Amino acid sequence: MRITWLGHAGFEIEDRRNVVIDPFIKGNPLAPDIELEPDIMAVTHGHADHLGDAVEIAQETGATLVAIHEIANYAAGKGVEAEGMNMGGTIEVNDVQFTMTQAWHSSGIDAAEFGFSGGDPAGYVIEDRARVYHAGDTALFSDMRLIGDLYRPEVMLVPIGDRFTMGPREAALAVSWVRPEIAIPMHYDTFEAVEQDPDEFAELVEGLCDTEVVVLEPGETLEL
Ligand code: NI
Ligand code: MN
């Protein structure tokens with residue numbers, strides 16, 4: 001499995017299939033110059049820094065879009081092949097399993113007219129051959145322990161930027177509850193409002209559990 005950080009909350013996971021999560025490319029100062037050719041895309045919520053370029057990429061590549069019911073309907077209305085789902089459910093798309101988890105956040109679709117609801121924000125446990133938990137934009141919540149117990153993700157992608165999501169101290173506690181082998185910080189340094197030191201996060205994790213923190217540069221790939 002190869003995990004490439006696209007900056008912000010965007011990742012490309014290459015295993016048997018190519019899965020892209022939250023492709024926010026246009027307007028993302030950290031976005032690397034990488035050609036995305038996903039089989040499947042998953043979007044955590046409607047905000048522009050997550051739904052991002054997903055609809056356009058799906059239109060161009062024919063990739064299937066996985067999202068909560070409301071966003072799936074929105075994308076389907078734009079000609080995208082979309083698989084809608086909701087919290088607690090698991091679906092299999094092209095041999096990859098997507099389990100939708102809760103996230104404490106909000107989810108208006110910025111791209112639509114004012115008042116268009118993107119349903120609730122979410123995270124995912126994505127299982128191809130290995131299991132990756134993308135927490136989405138979220139506050140800390142103690143049911144993250146259940147996500148660790150139930151799905152046993154090997155890798156956790158965790159927001160540390162603060163202000164709109166958890167900061168380093170909440171994110172470190174989240175990692176200690178989920179207990180993945182590897183945690184990769186995300187949703188920081190994209191803009192001034194989310195500037196953060198990932199090494200501070202790594203030190204906090206080290207004080208709490210055995211999880212290894214891997215800090216990626218935008219465009220860098222972790223091979224597992
Ligand atoms: Ni958001
Ligand atoms: Mn965000």
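Are histidine 45 and histidine 47 buried or exposed? In this predicted model, histidine 45 is buried, and histidine 47 is buried as well. Both residues also serve as donors to a metal: the nickel ion (ligand 1) is coordinated by His45 through NE2 and by His47 through ND1, together with His105 (NE2) and Asp137 (OD). These contacts span 2.2 to 2.4 Å. Read along the chain, the nickel donors follow the spacing H-x1-H-x57-H-x31-D.

The geometry around the nickel ion (ligand 1) deserves a moment of attention. Its 4 donor atoms subtend angles of 86 to 178 degrees, and the arrangement is therefore irregular. For a tetrahedral site, all angles would have to lie between 85 and 135 degrees.

A manganese ion (ligand 2) is found here too, with protein donors Asp49 (OD), His50 (NE2), Asp137 (OD) and His187 (NE2) at 2.1 to 2.2 Å. The sequence spacing of these donor residues reads D-H-x86-D-x49-H. Two of them, histidine 50 and aspartate 137, link distant parts of the chain, being 87 residues apart. Histidine 50 belongs to the loop between strand E4 (40-42) and helix H1 (54-61), while aspartate 137 sits in the loop between strand E10 (131-134) and helix H3 (144-151). Histidine 50 and aspartate 137 are both buried.

What, then, bridges the nickel ion (ligand 1) and the manganese ion (ligand 2)? Aspartate 137 does, by coordinating both metals, and the two ions lie 3.2 Å apart.

Note on methods: Residues numbered from 1 in each chain as written. Chains lettered and ligands numbered in written order. Predicted model: local features only at pLDDT ≥ 70, side-chain atom pairs only at ≥ 80, totals over all residues. Heavy atoms only, no water. Donors = N, O, S within 2.8 Å, 3.2 Å for Na, K, Ca; no water. Helix = DSSP H or I, 4+ residues; strand = E, 2+ residues; numbered from the N terminus. Buried < 20%, exposed > 50% of the residue type's maximum accessible area, 1.4 Å probe, protein only. Tetrahedral: all angles 85-135°; square planar, octahedral: opposite > 155°, others 65-115°.
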